[in-house]
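Biologist: I'm new to this one and would like a walk through it. Could we take it piece by piece?

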Amino acid sequence: MKNKVILISVDGMRPDGLANCGNPYVETLNNICSYTYNGRSVTPSVTFPCHFSMTHSVPPQRHGMLTNTYVPQVRPIKGIFEKIADNGGACAMAYGWEPLRDIALPGSLVYAYYLNAYAEESSDTVLTDVADMFVSKYDPDLTFLYMVETDEKGGHDNGWMSSEYLRRISIAVDNIKRMIEKYGDTHSIIIMADHGGHERGHGSEMPEDMTVPFFFYGNKFEPGKELHNVSLLEIAPTIASILEISPDSQWEGRDLTK
Ligand SMILES: [Zn+2]
């Protein structure tokens, strides 16, 4: 495929957490990306259902993943990884939470690397090293980098908006900066969060749990443009459009390059 995408998910990253993390590169993101600080998660605002909606462009009530445990779909819809594989493309995934492996069916990934969040002081940074290696060595059509320390070590262990949560977001922003500076000229780069959080958890329909930021970088997206009415369902159709493959007929989200 002539175009390439890097998708970066920062688990549990609230818009106000990003805005207040103290990393100066956040302002750069606002200036170089099309973006929103008012995007929507899905209900339940829980990691596996959210990422399944992000990759399959339907709400949890349609795909059937209502908890963090994978169940085979009753009325199967293909996700972005399967669509890319069907079109002869290659996908990579570097991820810090093991159950996430089930967002891609066996056979749809060529490269994958899992690292437990507690295996390193900053597993997210090591996962970024691996994603960087995947891109530089193999140049997959879609490289998915999933960072989880914001959620696990930040929000759940210390509380959403705690100093440790904000510090973990700042580390994630440093990792995002690294990927944009190295690959921004050759790749479209999408940055998202699956859900927010409050106190020590998430999963409710509270605005703190449901509101997420999205950033879209590359020649398909106008720098500095504020987007409206964006949800997790838009991610898969937008990636398909960049890669010039057809969206699945069952997908419900919009193509944001249009
Ligand atoms: Zn999550």
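Biologist: Which residue follows α7, and what is its phi near?

Modeller: Keep in mind that this is a predicted model. Right after α7 comes G159. Its phi is positive, near 105°.

Biologist: And what is the phi of the residue that follows α6 near?

Modeller: Here the residue after the helix is D139. Its phi is positive too, near 45°.

Biologist: Let's stay with α6, then. What length does it reach from its first C-alpha to its last?

Modeller: α6 covers residues 123-138, which makes 16 residues. At 1.5 Å a residue, 22 Å is expected, and the model comes close to that. From first C-alpha to last, α6 reaches 22 Å.

Biologist: Why do the buried residues of α6 lie on the same side?

Modeller: The buried set is S123, D124, L127, T128, V130, A131, F134 and V135. An α-helix has 3.6 residues a turn, so residues three or four places apart point the same way. The buried residues of α6 are on the same side because the arc they cover around the axis is only 160°.

Biologist: Which exposed residues sit on the face turned away from that buried side of α6?

Modeller: The buried side of α6 packs against β1, β3, β4, β5, α7 and α8. The face turned away from it carries two exposed residues, S136 and K137.

Biologist: On to the sheet. In what order do the strands come?

Modeller: It is an open sheet with mixed pairing, built from seven strands. β2 and β4 are the edge strands, each pairing on one side only. From one strand to the next, the twist averages 10°. The order is β2-β7-β6-β1-β5-β3-β4.

Biologist: Which helix packs on the sheet by touching β1, β5 and β6?

Modeller: Look for a helix at residues 235-243. Its direction makes about 160° with that of β1. That helix is α10.

Biologist: How many bridges join β1 to β5?

Modeller: The two strands run parallel. You can follow the pairing residue by residue: L7 has F144 as its bridge partner, and I8 stands opposite L145. The number of bridges between β1 and β5 is six.

Biologist: And what about β3: how many bridges join it to β5?

Modeller: β3 and β5 also run parallel. In this pairing M93 stands opposite F144, while Y95 stands opposite Y146. The count of bridges here is five.

Biologist: Which residue of β6 is the bridge partner of I8?

Modeller: β1 pairs with β6 in the parallel sense, over five bridges. Within that pairing, the partner of I8 is I191.

Biologist: Are the residues of β5 buried or exposed?

Modeller: In a regular strand the side chains alternate between the two faces of the sheet. L142, F144 and Y146 point one way from β5, with T143, L145 and M147 pointing the other way. Six of the six residues of β5 have the same status, and it is buried.

Biologist: Which residues of β1 lie on the side opposite V5, L7 and S9?

Modeller: β1 is mostly covered, with six of its six residues buried. Both of its faces are covered. V5, L7 and S9 take one side, and on the other are I6, I8 and V10.

Biologist: Back to the helices. Are α7 and α8 roughly parallel or antiparallel to each other?

Modeller: Their axes are 8 Å apart and pack at an angle of about 170°. On α7, the contact involves E149, T150, K153, G154, G155 and N158, and on α8 E164, Y165, R168, I169 and A172. An angle over 145 degrees counts as roughly antiparallel. So α7 and α8 are roughly antiparallel.

Biologist: Last one: is F215 buried or exposed?

Modeller: F215 lies in strand β7. Leaving out residues up to four places away in sequence, F215 touches L29, C33, Y35 and I191. A residue with 20 or more other C-beta atoms within 10 Å of its own is buried. F215 has 24 such neighbours inside 10 Å, so it counts as buried.

How values were computed. Residues numbered from 1 in each chain as written. Predicted model: local features only at pLDDT ≥ 70, side-chain atom pairs only at ≥ 80, totals over all residues. Helix = DSSP H or I, 4+ residues; strand = E, 2+ residues; numbered from the N terminus. Expected span 1.5 Å × (residues − 1). Buried ≥ 20, exposed ≤ 12 C-beta atoms within 10 Å, placed from the backbone. Arc of directions from axis to C-beta. Contact = placed C-beta atoms within 7 Å. Pairing = 2+ DSSP bridges. Axes fitted to C-alpha atoms, helices over the stretch in contact; angles between N-to-C directions. Parallel < 35°, antiparallel > 145°, perpendicular 65-115°, else oblique.
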